[in-house]
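Dear colleague,

I am passing on the structure below, and I would be glad if you could look through it alongside my notes.

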Amino acid sequence: MAEVLVLGAGLGGLSTAMLLARDGHQVTVLERDPAEPPPPAQAWEAWERRGVNQFHLPHFMLARWRALMGREVPEVLDELTAAGGLRANTLAMLPESRRGPMRDGDERFEIVTARRPVLEAAVAAVASRTPGVTIRRGVAATGLLTDPPTPTRPPHVRGVLTRGGRALRADLVVDCCGRRSTLGPWLEAVGARRPLEEREDSGFVYYARHFRTRTGVLPPARMNVLQHYNSVSLLTLPADNGTWSVVVTASSRDRTLRVLRDPRRWHAALAQYPLVAHWLDGEPITGIDVIAGIEDRYRRLVVDGRPVATGVVAVADAWACTNPSLGRGATIGLLHAGCLRDVLRDVDPGDPEKLVRRFDEVTAAVAEPLYRMTLGFDRHRLAEIDADIAGTPYQTDDKRWKVTKATFAASLVDQDIARAYHSLASLLATPDELFAEPGLLDRVMKLGAGAPNYPLPGPTRQELLAAVGD
């Protein structure tokens, strides 16, 4: 069993810590933010996490996350439910005319979700009770403690340096510092090659508001939580304790829609969408939160077949992160943490180069396809939005995008395809897995290929701009 240092006590770091500790490893989590988490039910009002720039922005946990967490650390789901987290079935939330009667197997669409502070406080509460996990808040790692490289061996990480120069040693350092990870510069500072990195602005901007129910019930879901319209996408995200959020996703190049920072214009815009407008009938508990400059980033610690360093790995958002509007980050992060746990079952940490290589291989096979799939969707959707703004049809030769569009359109008229689409949106299946079913792709294309580009009722670009104008 290994002594492990996990950097970052967010969702990815705490989940990784619990999975490793449950396998017998001794795990110390370092978190630079000093504030102790309050009881989960009080977290929205009482907890500030200055190191997490999306802490009070909308979050939604997919059915795949619920399934993974239910298998790995079911106590988290119980803790979250006790704090008012929402247990629901996203398929059952849709009108019966869309999905038909519930069937055996539809339980796979069950979710447990909450606003980010409530969610993270619940995870932290369970982690703090997990044998083998020690959480040290207010301790910031500032660099890596390493053996120097040799002509035949990259630097080997022995631990980290903390503010004040104190050294903390471990058999393995796990970077879970998320989008703000500085692992690349740290590695360069100790003589390592810089990791392979891909980085670019995702191109999206988000205008979001949280609400609380006035009636004791949540608004009814009339459509999937993510809906695409001309030049914008909309999210309606139910959460804990009678709260929810509504998000407008636009292109960061769309200067005209920057007026959505104004609550009056934001509400005027959303009132144009019949499937969404009723989600505005609640008590606003925030202003219009805006987030932009979100980067798509991918990092690999094996370059040209050789580890840039040993004794260190990157997990979850510290490894790869993308546009949050699909809600996949926490799910992919938990899956990635499970990959590390499984690799440590097979590879002795005393063989550090084999460990890094094997984790890289497993990451490439299990987690990276989900990242690439998400990135591909984002690139097409952003190009489609920009074409809407320009008033021109979006053209692509990528058959996968055409199948994606057809699948949603067909899901509106076929109850089996509604479940198939829901499986894709929930990360319960990939397109390759889904369309391995004989005849399904033909049915999708027959029903959906000729549908309008935006089959849901909503305004044209001109009508939207008129609604938000002076």
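What follows describes one sheet and two helix pairs.

Please keep in mind that this is a predicted model. The sheet is an open one of three strands, arranged in the order S10-S17-S21 with antiparallel pairing. Strand S10 (196-201) and strand S21 (320-321) lie at its edges, and because each has a single partner strand, one side of each is left without a neighbour in the sheet. Between S17 (residues 295-300) and S21, which run antiparallel, there are two bridges, and Arg297 is found opposite Cys321 in S21. Helix H11 (residues 368-390) packs on this sheet, where it touches S10, S17 and S21, and its direction makes about 155° with that of S17.

Helix H11 also meets helix H10 (residues 352-366): their axes come within 4 Å and cross at roughly 45°, and the two helices are therefore oblique to each other. On the H10 side the contact is made by Thr363, Ala364, Ala365 and Val366, and on the H11 side by Glu368, Pro369 and Leu370; by class, these are five nonpolar, one polar and one charged residues.

The other pair is helix H1 (residues 11-21) with helix H6 (residues 116-128), whose axes are 10 Å apart and make an angle of about 25°, which means that H1 is roughly parallel to H6. Their crossing is left-handed. Leu11, Leu14 and Met18 of H1 meet Arg116, Leu119, Glu120, Val123, Ala124, Val126 and Ala127 of H6, a contact with eight nonpolar, no polar and two charged residues.

With best wishes

How values were computed
Residues are numbered from 1 along each chain as its sequence is written. This is a predicted model: local features need pLDDT of at least 70, side-chain atom pairs count only at pLDDT 80 or more; totals for chains, interfaces and linings use all residues. Side-chain values use heavy atoms; hydrogens and water are left out. Two strands pair if DSSP finds at least two bridges between them. Contact means heavy atoms within 4.5 Å. Axes are lines fitted to C-alpha atoms, for helices over the stretch in contact, and angles run from 0 to 180 degrees between N-to-C directions. Angles under 35 degrees count as roughly parallel, over 145 as roughly antiparallel, 65 to 115 as roughly perpendicular and the rest as oblique. Ala, Val, Leu, Ile, Met, Phe, Trp, Tyr, Cys and Pro count as nonpolar, Asp, Glu, Lys and Arg as charged, and the others, Gly among them, as polar. A crossing is left-handed if the near helix is turned anticlockwise from the far one by less than a right angle, and right-handed if clockwise.
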